[in-house]
Amino acid sequence: MTPIIAPSILASDFANLQKEIEMINTSQADWVHVDVMDGVFVPNISLGLPVVEAIKRHAKKPLDVHLMIVQPEKYVEAFHKAGADTISVHIEACPHLHRNIQQIKALGCKAGVAVNPHTPVSGLIDLIQDIDLVCLMSVNPGFGGQKFIERTYDKIKELKALINSRQSQTLIEIDGGVNQQNAKPLLDAGADVLVTGNFVFSASNPKEVIQRLKETKSN
């Protein structure tokens with residue numbers, strides 16, 4: 001299986017955002033991962049709608065928008081209009097998650113559900129067939145450059161078993177601490193999408209790093 005690679009634009013040089021997006025355009029990356037933080041759901045504030053609109057103007061790859069915000073139902077339509085192709089909301093922020101998923105799909109976007117490290121994937125049992133993407137957080141959300149949480153491997157296997165048991169087509173995305181060393185073990189465990197930020201954007205040759213990740217094969 002060839003992984004889907006989604007560089008996280010949050011780790012890019014915002015003073016040269018267009019250049020960074022053009023690098024992704026000409027690389028072997030598949031998606032642009034866009035982290036939106038509100039300073040309430042997570043202890044940090046990141047880019048908002050105007051920046052997403054600016055990214056969309058230059059991006060030739062689909063925008064994978066990860067909403068780390070409270071009450072995401074108030075904003076998903078605006079992010080769809082700003083250019084999101086996939087919108088992921090956090091299970092912890094959505095007491096009416098089924099309704100949230102249907103809202104996203106009604107807009108014509110793919111619907112994702114993000115899951116924090118402490119949250120069991122068993123909470124997705126009744127919804128897994130409606131979800132296009134599950135974003136497993138392999139760090140605590142809110143800041144880049146954190147250490148990968150090793151328990152993630154077991155969590156991927158649990159989620160993959162659930163997906164297979166329900167004959168779902170849901171993709172498993174891993175977000176946080178992804179690098180060349182853990183890419184293959186993640187894919188072997190059942191991951192489909194690798195989000196990577198600092199590992200790509202701090203490299204002297206980001207396109208080469210993306211290529212190596214793209215060429216990683218699972219058993």
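This briefing describes the sheet of the structure and two of its helix pairs. The model is a predicted one, and its open sheet comprises 8 strands in the order 1-8-7-6-5-4-3-2, paired in parallel fashion. Two helix contacts are treated after the sheet, namely that of helix 5 with helix 6, whose axes cross at roughly 25°, and that of helix 1 with helix 2, whose axes cross at roughly 45°.

**The sheet as a whole**

- In the open sheet of 8 strands, the order runs 1-8-7-6-5-4-3-2 and the pairing is parallel.
- Strand 1 and strand 2 (32-37) occupy the edges with a single partner strand each, so one side of each has no neighbour in the sheet.
- On average, and with direction ignored, neighbouring strands of this sheet are turned by 25° against each other.

**Strands 1, 8 and 7**

- Strand 1 (residues 4-7) is covered on both faces, since Ile4 and Ala6 on one side are buried, as are Ile5 and Pro7 on the other.
- The parallel pairing of strand 1 with strand 8 (residues 193-196) extends over 4 bridges, and within this pair isoleucine 4 stands opposite valine 193 of strand 8.
- Strand 8 also pairs with strand 7 (residues 171-175), again in the parallel sense, over 3 bridges, and here isoleucine 174 has leucine 194 of strand 8 as its bridge partner.

**Helix 5 and helix 6**

- The axes of helix 5 (residues 152-165) and helix 6 (residues 180-189) come within 8 Å and cross at roughly 25°; because angles under 35 degrees count as roughly parallel, the two helices are described as roughly parallel to each other.
- The crossing of helix 5 and helix 6 is right-handed.
- On the helix 5 side, Tyr153, Ile156, Lys157 and Lys160 take part in the contact, where they meet Asn182, Pro185, Leu186 and Ala189 of helix 6.
- Sorted by class, the residues in this contact of helix 5 with helix 6 are 5 nonpolar, 1 polar and 2 charged.

**Helix 1 and helix 2**

- Helix 1 (residues 17-25) and helix 2 (residues 49-58) have axes that come within 9 Å and cross at roughly 45°, which makes helix 1 oblique to helix 2.
- Helix 1 passes helix 2 in a crossing that is right-handed.
- Leu17, Gln18, Ile21 and Asn25 of helix 1 make the contact together with Val51, Ile55 and His58 of helix 2.
- By class, the contact of helix 1 with helix 2 contains 4 nonpolar and 3 polar residues, and no charged residues.

Definitions and conventions. Residues are numbered from 1 along each chain as its sequence is written. This is a predicted model: local features need pLDDT of at least 70, side-chain atom pairs count only at pLDDT 80 or more; totals for chains, interfaces and linings use all residues. Side-chain values use heavy atoms; hydrogens and water are left out. Buried means under 20% relative accessible area, exposed over 50%, partly exposed in between (1.4 Å probe, protein chains only). Two strands pair if DSSP finds at least two bridges between them. Axes are lines fitted to C-alpha atoms, for helices over the stretch in contact, and angles run from 0 to 180 degrees between N-to-C directions. Angles under 35 degrees count as roughly parallel, over 145 as roughly antiparallel, 65 to 115 as roughly perpendicular and the rest as oblique. A crossing is left-handed if the near helix is turned anticlockwise from the far one by less than a right angle, and right-handed if clockwise. Contact means heavy atoms within 4.5 Å. Ala, Val, Leu, Ile, Met, Phe, Trp, Tyr, Cys and Pro count as nonpolar, Asp, Glu, Lys and Arg as charged, and the others, Gly among them, as polar.
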